[in-house]
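I set out to look up the overall architecture of one protein chain and then a few of its residues. My entries follow the order in which I consulted the model.

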Amino acid sequence: VLTTLLDYVISAHYPEIKSLHEDPESRYGAFFSSVVSRTIDLVVLWQAVGFCHGVLNTDNMSILGLTIDYGPFGFLDRFDPDHICNTTDRNGRYTYKKQPESCLWNLERLADALSPVLPREKSAEMLKRFNEEFQAKFLKKMKQKLGLRSDYEDDGDLIDSLFETMHKTGADFTNIFRCLSRLQLLGSTSDEEKPKSWPTF
């Protein structure tokens, strides 16, 4: 049953994997690796716009990297990394800041389910990149959101400092970025140096 389901999913939603991998284990490995990447991309977007899912159980995750189950979700107003949008989540398992951790845990459970056809040591290697890749992609997304085009070693510290300040001051997650987008560049006397279009999120 597992292989039948996997082959159908890959054929229907990951046809490029089917055409590139004839060996079953290689094919299932490529599938799992793609699910890991799509999940990282999804949670990066959630964190970048202040989206809180609320019920990140394994059955509410998508192997296509989609947001599903519109239950007690919400968007951050006053920035609080420990915000809980689900009133039944009394222990704060799915707070805003824990969403990447929850997604990784769910991927580990998917790896367990695939273990009969994809050795756990191989899926574990794929999961090792989760945190590093998430941090890199989240930093890139936040820099885009702030209009930062150059790369510096302390970019991560800058973003951390911004979130810390937002938390201390109770800044609105969406409005703070709208306000920042209206600031004029240092040394600029006109709108000439502003990009023709700002990235949207």
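The entries below go from the whole chain to single residues.

**Entry 1: the chain as a whole.** I note at the outset that this is a predicted model. I looked up the secondary structure and found eight helices and two strands in the protein chain. Read along the sequence, these elements follow the order α-α-α-β-β-α-α-α-α-α. For the extent of the C-alpha trace along its principal axes, I recorded about 65 × 40 × 30 Å.

**Entry 2: burial, contacts and surface.** I next asked what share of the residues counts as buried. The value is 37% of the 201 residues in the protein chain. I then turned to the contacts with a separation of 6 or more, and noted that 60% of them join residues 24 or more positions apart. The accessible surface of the protein chain comes to about 12,100 Å². Carbon and sulfur atoms hold 53% of that surface.

**Entry 3: charge.** I recorded 24 positive and 30 negative side chains for the protein chain. The centres of these two sets are 3 Å apart. I also looked up a negative surface patch, and its members are Glu153, Asp154, Asp157 and Asp160. Of these I followed up aspartate 154, which I located in the loop between α6 (130-146) and α7 (155-169). I entered aspartate 154 as partly exposed because its relative accessibility is 45%, and this class lies between 20% and 50%.

**Entry 4: methionine 166.** I found methionine 166 in helix α7. Is methionine 166 buried or exposed? I entered it as buried, because its relative accessibility is 1% and the cut-off for burial is under 20%. Leaving aside residues up to four places away in sequence, I listed its contacts as Phe79, Ala171, Phe173, Ile176 and Phe177. I also checked methionine 166 against aspartate 80, which is 86 residues away along the chain. The C-alpha atoms of methionine 166 and aspartate 80 are separated by 8.3 Å.

**Entry 5: valine 49.** I located valine 49 in helix α3, which covers residues 24-49. I entered valine 49 as partly exposed because its relative accessibility is 23%, whereas burial requires a value under 20%. I then looked up its C-alpha separation from threonine 174 and recorded 7.4 Å. Along the chain, valine 49 and threonine 174 are 125 residues apart.

Definitions and conventions. Residues are numbered from 1 along each chain as its sequence is written. This is a predicted model: local features need pLDDT of at least 70, side-chain atom pairs count only at pLDDT 80 or more; totals for chains, interfaces and linings use all residues. Side-chain values use heavy atoms; hydrogens and water are left out. Patches are made of residues with over 30% relative accessible area and no salt bridge: like charges are joined within 9 Å, nonpolar side chains (Val, Leu, Ile, Met, Phe, Trp, Tyr) within 5 Å. Accessible areas come from the Shrake-Rupley method with a 1.4 Å probe; for residues, only the protein chains shown count as cover. A salt bridge is a side-chain nitrogen of Lys or Arg within 4 Å of a carboxyl oxygen of Asp or Glu. Lys and Arg count as positive and Asp and Glu as negative; His and the chain ends are not counted. The place of a charge is taken as NZ of Lys, CZ of Arg, CG of Asp or CD of Glu. Helices (H or I, at least four residues) and strands (E, at least two) are DSSP runs, numbered from the N terminus. Buried means under 20% relative accessible area, exposed over 50%, partly exposed in between (1.4 Å probe, protein chains only). Contact means heavy atoms within 4.5 Å.
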